[in-house]
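Hi everyone, thanks for making the time. I'd like to walk you through one structure today, so please have a look at it on the screen while I talk.

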Amino acid sequence: AGSVLAVDELEVTDLELSLTGRWLAAEPPADAQVELVGARARVVGEMGGGAAGDPVRVRFRLASDPWGLGETPVRLGFYWLDVVTGGQRTRALLGERAIDQLHHFMLGSRYGARVIRSERAAGVELLRPLGDDERGPYAQEELQRWYREGDIPLDEQAVYLQSYVGASATDSQVAIHEELRRTHPELTLYWGVDGPSSWVPEGGVPVVINTREWYRTLASAKYLCMNIDPERWFTRRPGQRLLQTFHGYPAKSMGLRMWQAKHFTPRRIELELDRTSREWDLILTPAPEMDEYYRQEYAYDGPIHNAGYPRDDLLVSPEAEAVREDVRRRLGIRPGQKVVLYAPTWRDDLATNWRAAEVVHHLDLASASRALGPDYVLLMRGHRFHSAASGTLDQGRARYLDVTDYPEINHLILASDAAVLDYSSLRFDFALTMRPMVFLVPDLDTYVGGVRGFLYDYRESAPGPLVDTADEAVRLLRDIERLSERTREELERFNRRFNYLQDGHAARRVVEAFFGSGLGEG
């Protein structure tokens with residue numbers, strides 16, 4: 001009973017969460033530790049007070065450094081309050097005073113927060129720091145109306161960049177950012193971010209998505225650079241130019257083909273075209289042979305820049321080997337250990353909404369790790385639509401790690417010696433390393449026949465052995481050198497066909513094509 005803590009009050013300010021509570025025992029525990037535990041982070045609190053009859057005060061610094069990249073604020077999400085005493089873990093309880101906070105929104109400079117509970121267990125949800133005029137459907141609709149109709153002047157020197165939904169600056173946007181800093185330092189480079197934990201490169205100005213400042217930035221920036229479709233309310237304002245980079249090599253069905261397969265009505269398809277191809281000023285493809293798919297599937301007749309993807313510049317750069325060694329060191333990988341990247345993609349038929357889906361585990365990491373032994377490290381990279389899990393270590397030495405939240409996929413590609421993939425376009429990026437891939441695709445017929453489908457034959461774009469079972473994949477991975485020899489010629493042919501324009505200078509060409517002629521005008 002001495003380890004039971006009743007939480008009376010919670011407060012969030014900047015990067016600190018403060019708790020006031022009381023022990024539900026005559027003698028307070030001497031060795032208690034209070035932790036804030038979520039799927040994405042665990043923070044140990046700094047305790048004060050707590051003598052018999054006195055309030056317990058705990059402060060949590062809402063920051064961590066899980067990857068050795070420097071301290072960053074913890075991710076948004078649900079966190080529970082645990083008490084650890086004598087090796088035993090119990091959930092803190094919600095006291096009567098804290099129950100009054102259940103419907104109260106707390107606002108700090110970095111986070112919004114609200115008290116949550118499950119049965120009587122106490123926790124907190126960390127949210128974007130949205131004010132009263134920004135929070136909730138009505139406020140968002142009003143901000144969207146202001147975005148469309150408000151008197152917001154165009155800023156000729158502003159660039160807005162967004163990677164996916166803002167969790168981290170990555171993909172082609174980062175390479176474009178660095179090239180713009182080098183060649184056009186007069187520009188202000190804004191980044192749409194999910195929250196305080198989102199990484200933004202040096203020289204970038206973060207704006208939290210859904211805030212008033214974000215709507216203003218999105219409305220005023222002359223140049224917009226995105227890699228996913230914008231929200232359904234979006235429309236480009238007069239004078240703006242939109243560069244759509246996409247976020248992977250075109251291979252799966254998309255656009256009209258996908259919408260029709262999902263039985264979208266003609267009216268809905270028109271609305272989808274309105275917010276996608278009819279807003280594009282320039283799109284990127286990795287090679288001219290891929291242009292036809294965007295022409296067909298998006299009824300697009302506008303300009304196309306088809307000279308490689310900036311997202312892959314790092315993979316073929318002179319810095320690639322140094323990045324590889326640095327990442328392996330920070331992940332705790334010992335010299336001589338072989339690293340296998342496992343990156344299953346999402347399945348449309350498992351989606352719970354248009355940006356979330358259950359993860360598929362055809363490769364059980366624990367079983368595969370045991371079978372491969374201590375000389376191997378497995379890296380689990382979930383799709384961005386998958387929820388993250390905590391990393392796993394084996395007695396201080398990495399055996400398998402969940403790296404779903406690691407901010408830059410190229411780092412993981414470079415750190416790896418082989419990959420187990422399925423239908424993800426990641427295979428086009430990984431092929432540039434000339435390291436082997438195994439394709440674990442027991443559901444290939446189902447995926448092709450009814451789940452998603454491909455623009456062209458999948459087998460011709462999977463440069464490595466296709467296997468049906470995890471045991472087959474593990475058998476091949478036991479001898480990576482032999483697997484590499486077996487797949488080398490296939491990878492060379494693959495890169496000549498699909499990646500022949502990836503020379504490390506795609507970002508420079510894109511910046512010249514999209515920004516070059518327009519800068520300094522107006």
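Let's begin with helix α2 and helix α4, which cross in a right-handed way. This is a predicted model, by the way, so please keep that in mind throughout. If you want to find the pair, α2 covers residues 137–149, and α4 covers residues 212–220. Their axes come within 9 Å and cross at roughly 25 degrees. An angle under 35 degrees counts as roughly parallel, and so α2 and α4 are roughly parallel to each other.

Which residues make the contact between these helices? From α2 we have Q140, L143, Q144, W146 and Y147, and from α4 we have R212, Y215, R216, L218 and A219. Sorted by class, the contact of α2 with α4 has six nonpolar, two polar and two charged residues.

Now, α4 has other company too. It lies across strands β15, β16, β17 and β18, at about 100 degrees to β18. That takes us to a sheet.

This sheet is open, with seven strands in the order β17-β16-β15-β18-β19-β20-β21, and the pairing is parallel. At its edges you'll find β17, residues 204–208, and β21, residues 304–305, each of which pairs on one side only. Looking inside the sheet, β15 (residues 155–162) and β16 (residues 188–193) pair in the parallel sense over four bridges. If you'd like one pair to click on, L161 has W191 in β16 as its bridge partner.

Another helix on this sheet is α3, which lies across β15, β16, β17, β18 and β19 and runs at about 160 degrees to β16. And α3 has a helix partner as well: α3 (residues 171–183) and α15 (residues 506–514) have axes that come within 9 Å. How do they cross, at what angle? The answer is roughly 65 degrees, so these two are roughly perpendicular to each other. The crossing of α3 and α15 is right-handed. On the α3 side the contact uses A175, I176, E179, L180, R182 and T183, while α15 brings A507, R508, V510 and V511. By class, that contact of α3 with α15 comes to six nonpolar, one polar and three charged residues.

Let's move on to another sheet. It is open, has six strands in the order β26-β25-β22-β27-β28-β29, and pairs in parallel. The edges here are β26 (400–402) and β29 (466–467); each has a single partner strand, so one side of each is left without a neighbour in the sheet.

Within this sheet, β22 (residues 338–343) pairs with β27 (residues 418–421) in the parallel sense, over four bridges. A343, for instance, has L421 in β27 as its bridge partner. Helix α14, residues 480–498, packs on the sheet and touches β22, β25, β27 and β28, with its direction at about 55 degrees to that of β22. Helix α9, residues 365–372, lies across β22, β25 and β26, and runs at about 165 degrees to β25.

Finally, let's zoom out. The protein's secondary structure comes to 15 helices and 29 strands. Along the principal axes, its C-alpha atoms fill a box of roughly 75 × 65 × 45 Å. What radius of gyration would a compact globule with 522 residues have? It would be near 24 Å, and the protein has 25 Å, which agrees.

Thanks for listening, and I'm happy to go back to any part of it!

Definitions and conventions: Residues numbered from 1 in each chain as written. Predicted model: local features only at pLDDT ≥ 70, side-chain atom pairs only at ≥ 80, totals over all residues. Heavy atoms only, no water. Pairing = 2+ DSSP bridges. Contact = heavy atoms within 4.5 Å. Axes fitted to C-alpha atoms, helices over the stretch in contact; angles between N-to-C directions. Parallel < 35°, antiparallel > 145°, perpendicular 65-115°, else oblique. Left-handed = near helix turned anticlockwise from the far one by under 90°. Nonpolar A, V, L, I, M, F, W, Y, C, P; charged D, E, K, R; others polar. Rg over C-alpha atoms; globule rule 2.2 N^0.38 Å.
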